[in-house]
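Work through these exercises with the sequence and the model open. Try each task before you read its solution.

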Amino acid sequence: MSVPAPPAPSDVGQRLLAIRARMDNAARAAGRDPASVALVAVSKFHPAEAVRQAIAAGQHVFGENRVQEAAAKFPALRAATPALRLHLIGGLQTNKAREAVRIADMIESLDRPVLADALDRAAQAEGRLPDLLVEVNTGDEPQKFGVPREQADSFIRTCRQRFGASLRGLMCIPPAGQDPVPHFQLLRAMAHEHSLSVLSMGMSADFEQAIAQGATLVRVGSAIFGPRPATEPPATQPGA
Ligand SMILES: *Cc1c(COP(=O)(O)O)cnc(C)c1O
């Protein structure tokens, strides 16, 4: 009697295993418990089939940066995998707040008062409030998402008052081409000052450095799913 061979692990599955091993090593090297760092697999621009391969390899937390794409891809995946968690990590327009609140488990890109207003209204209307991270523009780059550094303290405080324990922490995307470490350190110091426990920082190129600086969430896309098509829209600040 022959036993069917188990399915070969997909490329996505193999890359996930490799990333997890590197994360664990980075955590141990920093004297941290590997269980204190979670992986957000960033599946933007990749088809639902790629997400299914990741789920088959045990991955349950995914990041998408556009509400429409996430809304098209994730409800069916979630129906099949109730443990799945969706993080929205891209700049969010206020007119997408309601759908974002409906589909997300965490919104990592809360970065301005009008968006806080819109999310608050959406939460009332939908009867659910996802976990929230304030995105800080640690490089103070013009035309980039994230609250500017000098407004961050007061914005974090007002979000804390408004959203209570649903405000879980901070997120940053360091400027391209710069040493990310000072940005990670700045974010960690801000989170510490506000007693926030979640630090979302580090991507494919620098997640090990981010873990060394205290990241509790790393957002890794291309190192798991491969290169994205070159059509990625520029990250510009929406008007409202
Ligand atoms: C696309 C994206 C990532 C993942 O980037 P990679 O370099 O592919 O790992 C992480 N965070 C945000 C906010 C993104 O938009």
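**Exercise 1. Find the polar contacts of the ligand, then see how far the protein covers it.**

Step 1. Start with the nitrogen side. A nitrogen atom of the ligand sits 2.8 Å from a side-chain N or O atom of Arg219. That passes as a polar contact, a pair of N or O atoms within 3.5 Å; within protein, one must be able to donate a hydrogen and the other to accept it, and residues adjacent in sequence count only if both atoms are side-chain atoms.

Step 2. Turn to the oxygens. Gly221 places a backbone N or O atom 2.8 Å from an oxygen atom of the ligand. Arg228 uses its side chain: an N or O atom there is 2.8 Å from an oxygen atom of the ligand.

Step 3. Check the cover. The ligand on its own exposes 390 Å², and the protein buries 90% of that. These areas come from the Shrake-Rupley method with a 1.4 Å probe; for residues, only the protein chains shown count as cover.

A note on the basis: this is a predicted model, where local features need pLDDT of at least 70, side-chain atom pairs count only at pLDDT 80 or more, and totals for chains, interfaces and linings use all residues. Residues are numbered from 1 along each chain as its sequence is written, and side-chain values use heavy atoms, with hydrogens and water left out.

**Exercise 2. List the shell around the ligand and sort it by class.**

Step 1. Collect the residues near the ligand, meaning those with a heavy atom within 4 Å of it. They are Val42, Lys44, Asn65, Ile89, Ile173, Met203, Ser204, Arg219, Val220, Gly221, Ser222 and Arg228.

Step 2. Sort them. Ala, Val, Leu, Ile, Met, Phe, Trp, Tyr, Cys and Pro count as nonpolar; Asp, Glu, Lys and Arg as charged; the others, Gly among them, as polar. The shell then has five nonpolar, four polar and three charged residues.

**Exercise 3. Where does Lys44 sit, and what does UniProt list there?**

Step 1. Locate Lys44. It falls in the loop between β1 (38–42) and α2 (48–56). Helices (H or I, at least four residues) and strands (E, at least two) are DSSP runs, numbered from the N terminus.

Step 2. Read the record. An unreviewed UniProt entry gives Lys44 the feature "modified residue: N6-(pyridoxal phosphate)lysine". UniProt positions follow the numbering used here, feature names are shortened, and annotations may be inferred rather than shown by experiment.

Step 3. Is Lys44 buried or exposed? Lys44 is buried, at 11% relative accessible area. The cut-offs: buried is under 20%, exposed over 50%, partly exposed in between (1.4 Å probe, protein chains only).

Step 4. Look at Phe45, in the loop between β1 and α2. Its phi is positive, about 70°, although Phe45 is not a glycine. Phe45 is buried, with 16% relative accessible area.

Step 5. Compare Gln143. Its phi is near 65°, a positive value in a residue other than glycine. Gln143 lies in the loop between β5 (131–137) and β6 (147–148). At 54% relative accessibility, Gln143 is exposed.

**Exercise 4. Count the disulfides, and account for the cysteines Cys159 and Cys172.**

Step 1. Recall the chemistry. A disulfide is a covalent bond between the sulfur atoms of two cysteines.

Step 2. Apply the cut-off: two cysteine sulfur atoms within 2.5 Å. The count is zero disulfides.

Step 3. Check the distance. Cys159 is in no disulfide, and its nearest cysteine sulfur, that of Cys172, is 17 Å away.

Step 4. Check exposure. Cys159 is buried, at 1% relative accessible area. Cys172 is buried too, at 0%.

**Exercise 5. Which backbone oxygen does the side chain of Gln59 reach?**

Step 1. Place Gln59: it lies in the loop between α2 and β2 (61–64). Gln59 is buried, with a relative accessible area of 3%.

Step 2. Follow the side chain. It reaches the backbone oxygen of Leu39 at 2.8 Å.

**Exercise 6. Describe the annotated domain.**

Step 1. Take the limits from the record. UniProt (unreviewed entry) lists residues 18–229 as "domain: Alanine racemase N-terminal".

Step 2. Read the content. Over residues 18–229 the chain is 44% helix and 18% strand. The end C-alpha atoms are 23 Å apart.
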